[in-house]
Amino acid sequence: MALPARSNEQILRLIAQQQVSLQLSTLELGFLVALHLQTQGRGLTSFNEAQLEDTFIEASLLLMPEADQRKRRATHAIKRLREQRLLARVDGQGVTRAGEFTLSRLALGIVEFYLEDGVLTRESLLLLTSSLRGALEQVRDAARDSPDAERWQTAVVGPLRVTIAELVDGIERRQRGLDLQQEDFRSEIRRLLEEDWFAALTRCQALLDATSATLQELNHVLLRDSTHLLALLQDIEEHAIAAGQPEAEAAARRLMDQVDRIAAWGAARQRAFSDYFQYVHRYLRDVVRLDPSRALTQRLRDQLAGRGARFALTHSAAGPLQMLRTVVSVPDKPKVVRPRAPREKPLAPDEGEDREAILTERVQGALEQGARALSSVTALVTEALPAPERFVEAGRVAHKAAQLARAQSEIDRAWVAAGDGLVIEEWSLDPGDSSE
Amino acid sequence: MNKSGYALLQDVIMDPAFPDLDVALRRGRHVDRDDTDWYALLLDAQELLEEFYRRYGCELIHKTDGYFYLLPTGDKVSRKQLGGTDMLVGQALALLYLDPSTIERGGAVTHEELVAQLSTVLGTDTLVAAFNPSKRKRFDERIAQRNVRQRVAEAVRRLASMGFVDLPEADRVRLRSSLMRFAEPVRGLSEPAEALAKLVAQGEVALAPLEKEEGDDIGLDAPDAPDDSAPAEPDIEAPEEEADEAEEPA
């Protein structure tokens with residue numbers, strides 16, 4: 001399909017959009033084949049309507065001898081083939097005169113598939129590869145000598161895309177034909193054995209040998225010629241790179257991939273056939289030759305169905321080898337437990353602070369600073385304390401001041417403020433003779 | 001030096017392929033032409049290895065179909081008999097091996113074809129009963145048929161581990177020539193019973209116990225192991241847990 005720029009999804013959507021479908025009866029297929037054979041036999045390039053009808057009637061006489069109304073059937077078949085784009089009108093005259101028709105590319109593909117003229121043989125492969133080689137040599141020479149872009153297009157890119165691509169496609173198409181033939185070949189071997197069993201031995205052997213030889217020859221030719229073809233394409237690619245011709249380079253690379261694929265096909269098919277060949281040979285030797293009357297199958301079937309004594313095959317059943325390893329003594333691991341702390345802490349001596357000494361020091365300090373009234377000593381000592389504690393501390397200050405100084409007071413003692421928020425009865429203090 | 005190129009047993013044992021081959025043979029593997037390296041080694045060193053294994057009380061058997069296996073005849077290497085379902089599946093595979101239709105695909109069959117073969121020869125009811133070894137006879141048809149497919153697949157895997165078949169990809173079983181061992185009692189010109197007696201005497205096969213399970217056309221000499229992977233179904237009893245293969249004491 002010539003839709004290289006589109007993705008797979010786009011192509012599938014397009015097909016769904018166009019609602020592409022094909023529906024062909026055996027008669028219609030026969031009609032297409034008859035048209036193709038007439039094209040080849042009589043050298044016709046197109047058919048007029050009368051020729052189409054005549055060809056259909058001839059085909060229907062062979063394929064459906066009991067059918068009636070053949071002309072009507074012909075009209076209907078031609079209409080269906082036109083709708084499915086299998087017959088194309090080539091005269092372009094419309095209603096002015098009767099049309100000229102030819103088989104479309106699609107119809108030709110279908111017909112060629114059924115005629116099986118596309119199977120790869122040694123002869124066709126040799127012909128195709130030698131043509132390919134000649135064409136590639138010309139393209140290589142042109143690539144080497146082409147002076148300008150126009151010449152590159154006409155002498156290199158064009159042939160690579162059309163002539164040479166067609167030849168390579170031809171080989172691939174024939175390879176697919178051979179694949180189909182291989183499937184038929186396997187079915188044929190099976191059919192021969194099912195029908196004739198021992199009598200088919202020689203024919204099976206001959207078929208195997210012939211096919212094996214064909215595949216070997218094809219693979220040999222493919223291996224040999226693909227090397228030459230790849231070398232030529234590589235030369236063309238190098239010339240294209242040197243001349244700065246990306247189109248030619250891409251075309252050469254695409255063809256190299258295709259040639260690689262063709263060579264890989266040969267090796268893969270030969271490998272697959274080699275396995276099959278060995279298996280069938282073994283089967284012919286071990287099964288067919290040793291059981292010419294095919295009695296073993298029936299006896300085994302009876303055995304499986306339970307006729308006769310039941311039995312079981314004996315087999316060796318040694319255990320796995322004991323691999324002894326070096327034993328390393330592992331010390332006992334201690335039990336995993338939570339670390340425990342002593343429930344009670346041991347007693348420790350706590351010196352603490354001597355509040356009495358501190359108070360004595362502070363009161364003494366206040367007196368030394370010149371405070372001579374209890375209110376001023378109290379204010380100095382308690383100024384740093386928080387308010388709630390001052391009241392308690394004031395009593396202790398009065399007691400200590402009385403110890404450190406001689407205290408005197410009026411009979412009717414006056415209440416005075418001692419610092420912030422504290423009011424006390426005033427004493428006068430004389431530190432001079434405190435011992436009295 | 002013998003014709004093979006191995007002068008001494010030591011040369012065979014020193015072959016890099018020998019340890020794996022030896023372990024495989026002792027574990028019941030059948031080695032055929034598809035095991036290219038092992039088969040070549042066995043062919044080349046056949047005389048030396050026959051003598052070697054005889055010292056372990058085993059016979060290295062080489063069949064004309066082109067495969068080797070180790071058959072314990074003494075008590076130095078333990079031996080087993082294949083289970084009942086393995087025997088049924090093995091015989092069905094051997095039948096397929098003989099069928100010309102399988103050569104079209106190079107000797108490969110699908111699990112579906114195998115179950116179809118078993119069903120054709122045994123009949124559906126017998127097949128279901130043989131692969132559902134239950135004391136109770138109440139089968140859910142769908143579950144029972146699924147059990148058959150599962151047990152056939154398990155048997156195929158066991159047979160593959162012994163070299164009777166290959167499992168190149170899912171649902172594809174490649175038949176090997178060693179499957180012809182299942183047809184041994186019916187291969188010769190003699191009566192099957194006579195051939196079987198001879199094989200029993202050689203230690204190649206063991207006769208299954210005579211008692212049959214009630215209602216079974218084909219009783220199983222050694223029922224299969226249960227399928228642990230099968231989901232529990234409330235409407236059918238679970239398969240009995242019994243040994244897969246009958247092992248003889250070494």
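Let me begin with the interface: chain B and chain A bury about 4700 Å² between them, and 60% of that area lies on carbon and sulfur atoms. Within the share that chain B buries against chain A, L98(B), I103(B) and E104(B) supply 16%, which is more than any other three residues contribute. I should say at once that this is a predicted model, and that everything I describe this morning is computed from it.

Staying with the contact for a moment, chain B brings 68 residues to it, while chain A brings 37 residues. How many salt bridges are there between chain B and chain A? The count is three, and one residue that we have already met takes part in a salt bridge, since the side chain of E104(B) meets that of R190(A) at 3.2 Å, N to O.

Let me turn now to the sheet in chain B. Three strands make up an open sheet there, arranged in the order β1-β3-β2 with antiparallel pairing. The edges of this sheet are held by β1 (31–32) and β2 (58–63) of chain B, and because each has a single partner strand, one side of each is left without a neighbour in the sheet. As a general reminder, strands of a sheet pair through backbone hydrogen bonds, in either a parallel or an antiparallel fashion. In our case β2(B) and β3(B), the latter covering residues 67–72, run antiparallel and are joined by six bridges, and within this part of the sheet H62(B) stands opposite F68(B) of β3(B). Across β1, β2 and β3 of chain B lies helix α2, residues 18–26 of that chain, which runs at about 60° to β3(B).

For those of you who think about cysteines, the structure holds zero disulfides over all chains. Are C204(A) and C58(B) buried or exposed? C204(A) has a relative accessible area of 0% and is therefore buried, and C58(B), at 1% relative accessibility, counts as buried too.

Finally, I would like to look at one residue of chain A, namely T102(A), which lies in strand β3 of that chain, residues 100–103. With a relative accessible area of 21%, T102(A) is partly exposed, because the cut-off for buried is under 20%. If we leave aside the neighbours within four places in sequence, T102(A) is in contact with T45(A), L86(A), L87(A), A88(A) and V90(A). T102(A) and L35(A), although 67 residues apart in sequence, are 8.6 Å apart in space, taken from C-alpha to C-alpha.

Conventions:
Residues numbered from 1 in each chain as written. Chains lettered and ligands numbered in written order. Predicted model: local features only at pLDDT ≥ 70, side-chain atom pairs only at ≥ 80, totals over all residues. Heavy atoms only, no water. Disulfide = S-S within 2.5 Å. Buried < 20%, exposed > 50% of the residue type's maximum accessible area, 1.4 Å probe, protein only. Pairing = 2+ DSSP bridges. Helix = DSSP H or I, 4+ residues; strand = E, 2+ residues; numbered from the N terminus. Contact = heavy atoms within 4.5 Å. Axes fitted to C-alpha atoms, helices over the stretch in contact; angles between N-to-C directions. Buried area = accessible area lost by both parts, 1.4 Å probe. Salt bridge = Lys/Arg side-chain N within 4 Å of Asp/Glu carboxyl O.
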